[in-house]
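User: I've just opened this one and could use a friendly tour. Can we go through it piece by piece?

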Amino acid sequence: MEVKNSVQAIMNRRSIRKYKSEQLTEEQLGIVLDAFNWAPTARNAQEVRAIVLQDAEMLKAFAADFEAFTTATGGKQFKNFYFDAPTLILLCGDKEFPYTGIDSGIAAENMAVAADSIGLGTVILGCIRNYMADPASALWREKFGIKDDEMFTIGLAVGTPDCEIPKGAARKEGKIVFIK
Ligand SMILES: Cc1cc2nc3c(=O)[nH]c(=O)nc-3n(C[C@H](O)[C@H](O)[C@H](O)COP(=O)(O)O)c2cc1C
């Protein structure tokens, strides 16, 4: 397997929104989940958990319920929010721990970079946050095994890109301040 170094992967990674239907191999999934597992965590709490969804029918039904929720609540419409990726990884963790969100973000990016380095595509997905915090998604939280004392934090769609790697939006200037 060809593996890019981490700087190449960080610079080349772009959000992918079109995937082939083929599932990740065991080896590919293992690498992505190792990247989750070895992410640093505040106070070494390691309390963020990853739920790996690979049941295509379940994913479609979940996306349809999410779409219905966005329609009913009058927010931005989200059709097929996970872009038919063969794998969707949901991160969740302790509601009360102050670093759950940050630890999740770090783990998500670790996975995204590892995935890119082995030729996979990803997109980080925050759009389901409100839905996952709403009583309307209670049945899904139960199906996914998200506990009452946990909150959903972020999702990551993973698969083989079925498109050119996008150029990516230009990055804003002036975000870096030097004090020498
Ligand atoms: C916390 C977070 C949440 C995001 N949520 C979504 C999302 O719900 N749907 C989506 O299509 N992209 C989502 N993105 C992807 C961003 O839109 C994307 O990273 C940004 O436009 C820069 O493009 P690039 O990733 O190709 O460099 C999210 C990214 C982050 C970091």
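User: Let's begin at the ligand. Which ligand atom does a backbone N or O atom of Ile124 lie 3.1 Å from?

Analyst: Keep in mind that this is a predicted model. Ile124 is among the residues around the ligand. Its backbone N or O atom sits 3.1 Å from the ligand, and the partner there is a nitrogen atom.

User: How much of the ligand does the protein bury?

Analyst: Besides Ile124, two side chains reach oxygen atoms of the ligand: Ser15 has an N or O atom 2.6 Å from one, and Arg171 has a polar atom 2.6 Å from one. On its own, the ligand would expose 620 Å². Of that area, the protein buries 61%.

User: Which element gives the most to the shell around the ligand?

Analyst: The shell includes Val123, Ile124 and Leu125. Strand 3 covers residues 121–125, and its share of the shell is three residues. The top contributor is strand 3.

User: In what order do the four strands of the open sheet come?

Analyst: The pairing in this open sheet is antiparallel. Strand 1 (49–53) and strand 3 (121–125) are the edge strands, each pairing on one side only. On average, neighbouring strands are turned by 25° against each other, direction ignored. Reading across, the order is 1-2-4-3.

User: How many bridges join strand 2 and strand 4?

Analyst: Strand 2 spans residues 87–94 and strand 4 spans residues 150–159. Along this pair, Leu90 stands opposite Gly155, and Leu91 stands opposite Ile154. Ile154 also turns up around the ligand. The two strands pair in the antiparallel sense, and the bridge count is eight.

User: And on the other side, which residue in strand 2 does Arg49 stand opposite?

Analyst: Strand 1 pairs with strand 2 over five bridges, again in the antiparallel sense. Strand 2 is mostly covered, with seven of its eight residues buried. Facing Arg49 across this pairing is Cys92.

User: At what angle to strand 4 does helix 4 run?

Analyst: Helix 4 takes in residues 100–117. It lies across strand 2, strand 3 and strand 4. Its angle to strand 4 is about 10°.

User: One last stop: is Thr70 buried or exposed?

Analyst: Thr70 belongs to helix 3 (residues 56–72). Leaving out residues up to four places away in sequence, it touches Gly75, Lys76, Gln77 and Phe78. The cut-off for buried is under 20% relative accessible area. Thr70 has 6% relative accessibility, so it counts as buried.

Notes: Residues numbered from 1 in each chain as written. Predicted model: local features only at pLDDT ≥ 70, side-chain atom pairs only at ≥ 80, totals over all residues. Heavy atoms only, no water. Pairing = 2+ DSSP bridges. Axes fitted to C-alpha atoms, helices over the stretch in contact; angles between N-to-C directions. Contact = heavy atoms within 4.5 Å. Buried < 20%, exposed > 50% of the residue type's maximum accessible area, 1.4 Å probe, protein only. Near = heavy atom within 4 Å. Polar contact = N/O pair within 3.5 Å; in protein donor to acceptor, adjacent residues only side chain to side chain. Areas by Shrake-Rupley, 256 points an atom, 1.4 Å probe, with all protein chains shown as cover.
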